[in-house]
There are 2 protein chains.
Amino acid sequence: MEDEEKTFLALEAFIPYKLNRAAELVSRQFARIYKDRAGLTRPEWRTLATLGQYGTLTATAIGAHSSMHKTKVSRAVQSLEERKWLKRSIDEQDRRVERLALTREGARNYRELAQLAHAFQLKLRDVMGETDFDALDRGLAAVEARLGKDISM
Amino acid sequence: MEDEEKTFLALEAFIPYKLNRAAELVSRQFARIYKDRAGLTRPEWRTLATLGQYGTLTATAIGAHSSMHKTKVSRAVQSLEERKWLKRSIDEQDRRVERLALTREGARNYRELAQLAHAFQLKLRDVMGETDFDALDRGLAAVEARLGKDISM
DNA sequence: TCATAATCGTTGCATATGTAACAATCCAAT
DNA sequence: ATTGGATTGTTACATATGCAACGATTATGA
């Protein structure tokens, strides 16, 4: 791994590749939970999770908190609304805005999935080992701290 | 972060989310390099990188090494062939198979991008700090070691 | 040998995604 | 008050992706 002109690259040692690969592996595992259990897509899961965490929000705010493009949010909100897991209400102070909140049923499903998410995280920590898990967590936090200030999509 | 029924989830502390977020942030940065510099898509970059690393390969082998679905590989190979960055030749021992290899021009562009990739990684390490970078690297390796044995796509 | 199964790479199709444009609404500055 | 400029959320369109089916070829095994 020294300096010999660097005209060669080992993809499996390249951080962008490793990051994407690990993210895919982990996401795929967790996606099985919310897909099998609730038939949710990832944008739908994220929207549910964000509303569950923050309560009533606008679509724009959901996108900011969950790092999703506004069209993703728009479509996920529409889908969750059709399921009756969330309700919209127009903000009378600013009629461009919709206030979005989970319904009772949406909240119930959120709580169930939140528990499964915690269980997943614990299991992952168990499988990886505490030390490596904490290393990962620390490294990801550093990425966020250094690169996270610009892009929101 | 204790045990109180876990009916609530902080998305920004949830590893699958953090991983995806970090992967997006880093990938977006690096993608700018191969997009601006060479007009490559991510599947094309990965295909180029894999052929540059391993030499002549079949499409299936490229998918295995770069974790890409075979249709992604197929389309990326087609695109790189049109650019004349790689050439196909049918394996006479097994005529189902195509042997893929970079052309001189493909190899030239690979070397250039490989250098930029190394520079990117060094810069990332610099920006993150050595300790956090190494923690990330270690954590990602652990994910790969524990979850990487099943899925290849 | 012959038939069945497996493998390789491509393509049709449906879905997922981002960009750009848009209508509606609000804000700022005259 | 009015006009030009932002902002909010939706949609049309083009592209990207994965799945399933396919033709061609090779391997297996009766």
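## Exercises on a two-chain interface

The contact draws 68 residues from chain B and 68 residues from chain A. The model is predicted. Work through the exercises with the structure open.

**Exercise 1.** How much area do chain B and chain A bury between them, and which three residues supply more of chain B's area than any other three?

*Solution.*
- Step 1. Take the area. Chain B and chain A bury about 6,700 Å² between them.
- Step 2. Split it by atom. Carbon and sulfur atoms carry 61% of that area.
- Step 3. Find the top three on chain B. Leu9(B), Ile15(B) and Arg21(B) supply 9% of the area that chain B buries against chain A, more than any other three residues.

**Exercise 2.** Describe the side of chain B that touches chain A, by helix and by residue class.

*Solution.*
- Step 1. Count the polar links. Between the two chains there are 30 residue pairs in polar contact.
- Step 2. List the helices. Helices 1, 2, 3, 5 and 6 of chain B each give at least two residues to this side.
- Step 3. Rank them. Helix 1 of chain B has the largest share, 16 residues.
- Step 4. Sort by class. The side holds 35 nonpolar, 17 polar and 16 charged residues.

**Exercise 3.** Which residues have the most contacts inside the largest nonpolar core?

*Solution.*
- Step 1. Size the core. It has 86 residues.
- Step 2. Name the leaders. They are Leu19(A), Trp45(A), Leu19(B) and Trp45(B).
- Step 3. Follow one of them. Beyond four places in sequence, Leu19(A) touches Leu140(A) in its own chain. Across the interface, Leu19(A) touches Leu19(B), Ala22(B), Ala23(B), Val26(B), Leu136(B) and Leu140(B).

**Exercise 4.** Trace salt bridges that cross between the chains, and classify their residues as buried or partly exposed.

*Solution.*
- Step 1. Get the count. Six salt bridges link chain B and chain A, while the structure holds 24 over all chains.
- Step 2. Take Arg138(B) and Asp132(A). Their closest N and O atoms are 2.4 Å apart. The pair runs from helix 6 of chain B to helix 6 of chain A.
- Step 3. Classify that pair. Arg138(B) is partly exposed because its relative accessible area is 46%. Asp132(A), at 16%, is buried.
- Step 4. Take Lys18(B) and Asp137(A). Their side chains meet at 2.9 Å, N to O. Lys18(B) lies in helix 1 of chain B and Asp137(A) in helix 6 of chain A, so this pair also joins two chains.
- Step 5. Classify again. Lys18(B) is buried at 16%; Asp137(A) is partly exposed at 26%.
- Step 6. Add Glu144(A) and Arg21(B). Their salt bridge spans 3.0 Å, N to O.

**Exercise 5.** Is Asn20(B) buried or exposed, and what does its side chain meet?

*Solution.*
- Step 1. Place it. Asn20(B) sits in helix 1 of chain B.
- Step 2. Apply the cut-off. Buried means under 20% relative accessible area. Asn20(B) has 10%, so it counts as buried.
- Step 3. Find the polar partners. The side chain of Asn20(B) makes a polar contact with the side chain of Ser27(A) at 2.3 Å. A polar atom of the Asn20(B) side chain also lies 3.0 Å from the backbone oxygen of Pro16(B).
- Step 4. Complete the contacts. Beyond four places in sequence, Asn20(B) is in contact with Ala23(A), Ser27(A), Arg42(A) and Arg46(A).

**Exercise 6.** Which residues of helix 3 of chain A are buried, and what covers them?

*Solution.*
- Step 1. Name the residues. Ala61(A), Ile62(A), Gly63(A) and Ser66(A) are buried.
- Step 2. Name the cover. It includes helix 2, helix 4 and strand 2 of chain A, together with helix 1 of chain B.

Key
Residues numbered from 1 in each chain as written. Chains lettered and ligands numbered in written order. Predicted model: local features only at pLDDT ≥ 70, side-chain atom pairs only at ≥ 80, totals over all residues. Heavy atoms only, no water. Core = buried A, V, L, I, M, F, W, Y, C linked by side-chain atoms within 4.5 Å. Buried < 20%, exposed > 50% of the residue type's maximum accessible area, 1.4 Å probe, protein only. Contact = heavy atoms within 4.5 Å. Buried area = accessible area lost by both parts, 1.4 Å probe. Salt bridge = Lys/Arg side-chain N within 4 Å of Asp/Glu carboxyl O. Polar contact = N/O pair within 3.5 Å; in protein donor to acceptor, adjacent residues only side chain to side chain. Helix = DSSP H or I, 4+ residues; strand = E, 2+ residues; numbered from the N terminus. Nonpolar A, V, L, I, M, F, W, Y, C, P; charged D, E, K, R; others polar.
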